[in-house]
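Visitor: Pick one part of this model and give me a close look, please. I'd like to hear how two helices pack, with the cut-offs spelled out as you go.

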Amino acid sequence: MFAIYTRRIHGAAVERNRKLTELFVQAPKRSGSFFRYSCRIESARVGSKVLWFDVAEEFCDWVTPRADPFLVATLFQLMIEGEPVRVRGDVSASLLEPLHEYMTLWSSWRPGVCRPISISADELLEDHVAEGSDSLLLFSGGMDAQTTLQRHIRGEAGNRTRKIGACLYARGFMNGLEDTARYRAALENAKASVSAFGEGQIPLIPIVSNWQELHTRTMPDSIGTGLISFLHLFKSRFGRGMLSSSMSTKWDMRAYGSHPFSDPLLGHSSFQIECDDTASTRVDKALYLSDKPEVLDRLLVCHDFDDEAKNCGACEKCFRTAICFIAHGQDVPRSIPIDWRACEKKKIHLKTLRDDPEVCREVFLNTVQQNLKHPELAKFRRWYQIYLTKEAIKETLLVWGLRKGLSNDPSAPWAMSGTD
Ligand SMILES: [Zn+2]
């Protein structure tokens, strides 16, 4: 199960007379019906921490014995600490170059915070060719993941259509680490979707990890390293890891933790990382799914879903998803019991305006260009106009030095509105 099957290239030299952060990969240990794969991180700045992934026994044959998942998982924190890193384990040699590119990209997005660091390992190994060339897809049951699954199952991703070999659902990532009824309901919903749409041929791999617990201070910038480390874990079996793009190249190219530019740099020649459907916005995805009622019935988009994995209809995510559908003249899916009045009372649209300029712009343009009459779109149009006007005033004050806060952070509000 844990065999090392490729030739060693060489062990890289350790930098001397400098502080080192070291990653000690531990032997897997059984924990009930799971195996725990772990790594102890020893840092002069942060101290000692243990990162772990729990994998159900039936999927353990697919887990790589290499340290690659742990290196990717901790990369963001490591580059913030800025010390050289030594991996006490085996690392795929070809992974180091794209990781350097990833760090260089983030050092341009977060100057003074992120910086490229040197990485060495006890053993650098040649690429391992996976058992299969099919893809492992991260799957939450949300709109992005459901869209990607449908695109590839239906062969609608053109020459980039992939065979989905399995889907992966993680506990401990944006959904709490505890084994709650809420988590189990969401997992069952994801399993049912994958099983139904994959005609029983696509397994869903459940994993549990304390990654987010260790990275609360670097979220959301570090989100890509966490998500993609889960995929790396199963690189013995799969030739490619895939995740749905949560932002589109059409409008919104802000720096973000999971990004079409940076995500692929966390993969390498024998395990590519693909960010799927980068050209589509959430509004486009709503249109794509709108004639697939069997998918809409299983859509789980909510921040506050209940113990039966039902959307609440009154959180920001439910609101944002609902306006994406009505912006095409479609009904809100019945799986989202949208309560417009509750959303307005909580002023949820303010968060949408602030956090998702891409959706806001496209909903606004659709409303104006198609002369859509839905009363909620009419309200949203006014809110958007007021928001943009306020942002333009703030930006003017900033550049004239009449307001503090001018920065070269590409995700700063004034920089975002500057692209409007
Ligand atoms: Zn909700």
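Guide: Sure, let's start with the geometry: axes are lines fitted to C-alpha atoms, for helices over the stretch in contact, and angles run from 0 to 180 degrees between N-to-C directions. Helices (H or I, at least four residues) and strands (E, at least two) are DSSP runs, numbered from the N terminus. What you're looking at is a predicted model, where local features need pLDDT of at least 70 and side-chain atom pairs count only at pLDDT 80 or more, while totals for chains, interfaces and linings use all residues. Residue numbers start from 1 along each chain as its sequence is written.

Now the pair itself. Helix H12 covers residues 357-369 and helix H13 covers 375-399; their axes sit 10 Å apart, and the packing angle is about 120°. That makes H12 oblique to H13, given that under 35 degrees counts as roughly parallel, over 145 as roughly antiparallel, 65 to 115 as roughly perpendicular and the rest as oblique. The crossing of H12 past H13 is left-handed, meaning that the near helix is turned anticlockwise from the far one by less than a right angle (clockwise would be right-handed).

Who's touching whom? On the H12 side you'll find Cys360, Val363, Phe364 and Thr367, and on the H13 side Leu377, Phe380, Arg381 and Tyr384. A contact here puts two C-beta atoms, placed from the backbone, within 7 Å. Sorted by class, that contact has 6 nonpolar, 1 polar and 1 charged residues. The bins are Ala, Val, Leu, Ile, Met, Phe, Trp, Tyr, Cys and Pro for nonpolar, Asp, Glu, Lys and Arg for charged, and the others, Gly among them, for polar.

For a side-by-side, try H3 (residues 143-153) against H7 (residues 282-289): the axes are 10 Å apart there, and the angle is about 55°. That makes H3 oblique to H7, and H3 passes H7 in a left-handed crossing. H3 brings Met143, Asp144, Gln146 and Thr147 to the contact, where they meet Arg282, Lys285, Tyr288 and Leu289 of H7. The class split for this H3 and H7 contact is 3 nonpolar, 2 polar and 3 charged.

To place both pairs on the chain, domain bounds from an automatic or database assignment help: domain 1 is 8-125, domain 2 is 135-276 and domain 3 is 282-385. Taken over C-alpha atoms, the centres of domain 1 and domain 3 are 39 Å apart.
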